[in-house]
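Hi everyone, thanks for coming. I have a few local details to walk you through, so let's bring the structure up on the screen.

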Amino acid sequence: MSTLETNNISKYSGNNVSIDDSLKLKSYTTSQRDALPSPEAGDTIYNSDTGTIDFYNGSSWNATSSTTFTVDISYLVIAGGGAGGSYSAGGAGGYRSSYGTDVSGANSSTESTITITPDGSTNYAVAVGGGGSSGSNGSTSTFYNISSVGGGHGETPGTGNSGGSGAGGGSSWTSSYNGGAGTASQGMAGGRANAVYHHDLGGGGGGASANGTASSGTTAGSGGDGLASGITGSSVYRAGGGGGRAQNGTNGSAGQGQGTNTGGGGSPGSSGASDPGDSGVVIVRYPTANATITVGAGLTSSTTTSGSDTIVTFTAGTGNVQFS
């Protein structure tokens, strides 16, 4: 039986009930609410899981509103890297981070987290960009309203293509070409290819944190380094630029941050063929106690925890997620 506790009861002049202080309802979690024995129509509680006032209508519990709580989502969104050219290297995919004190692409400030209401019905789009194949930039990666630009692809000879990070330029025997530009707050520029007679040379692809280097003498340019993020619980480098190729010379090295789902730029193959860029990745992190994620069809993902947080890594596909 319920017990009413009060300090003072006075007669009110109108037909309503007036309470001088705030009214505090009994607080229950959803599980505790559902386990209450023999609830009756009109029973009312405060749901501490959702921050709502819930009432029993005689057959079921019903909330008077959607959840009143919000949750902050941290993200790392990296686009696919650009393909390498015959000699010039591909640039890394655009790099955007809002986790902790991580640096975002082009050594820019950490971005703001996304604040959502975990209502269980709002769709948040996710797309993981693939690496560029022969003669193409990498593809865009997206989480909600955050998009990263695919890395620029290399070609020979010519100016490097722009992208999240720019591709290196490719020289002919007599003509030099600049690298492509990176995207502001996402990646760096590709390196210049300086002409040397009887040698085709490639500039290095731009990385998330450093420009690709220019060719020098008969040595091709190296890729710019990527950035390290601790969003998964350990520090991992991603989004390094590819290394250029030299004809009758020394090839450049790829920048730090290469591999599947890193968004690294492609390096030219040993025979001058174009190597593809690395696929991108989308990673989100949020307090486990504050939300539960539902991953829709079309997405490949894995879920881990670190301390009190849940981390979801998306490695392929396009689709929607919901938080509840």
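In which strand is Thr310 found? Before I answer, please keep in mind that we are looking at a predicted model. Thr310 belongs to strand E16, which covers residues 309–323.

Now, is Thr310 buried or exposed? Its relative accessibility is 7%, and because buried means under 20%, Thr310 counts as buried. As for its surroundings, if we leave aside residues up to four places away in sequence, Thr310 touches Val284, Arg285, Tyr286 and Thr288, along with Thr303, Thr304 and Thr305. With one of these, Thr288, there is also a polar contact, side chain to side chain, at 2.7 Å.

Next, some backbone geometry. Let's go to the loop between strand E10 (146–148) and strand E11 (227–229), where we find Pro157. The peptide bond leading from Thr156 into Pro157 is cis, and its omega is near -15°.

I also have two residues with positive phi to show you, neither of them glycine. Ser38 has phi near 50°, and it sits in the loop that runs between helix H1 (30–34) and strand E2 (44–47). Asn248, with phi near 55°, is in the loop between strand E12 (236–238) and strand E13 (281–287).

And how do these two stand for accessibility, buried or exposed? The cut-off for exposed is over 50%. Ser38, at 67% relative accessibility, therefore counts as exposed, and Asn248, at 57%, counts as exposed too.

That's my tour for today, thank you!

Methods
Residues numbered from 1 in each chain as written. Predicted model: local features only at pLDDT ≥ 70, side-chain atom pairs only at ≥ 80, totals over all residues. Heavy atoms only, no water. Helix = DSSP H or I, 4+ residues; strand = E, 2+ residues; numbered from the N terminus. Buried < 20%, exposed > 50% of the residue type's maximum accessible area, 1.4 Å probe, protein only. Polar contact = N/O pair within 3.5 Å; in protein donor to acceptor, adjacent residues only side chain to side chain. Contact = heavy atoms within 4.5 Å.
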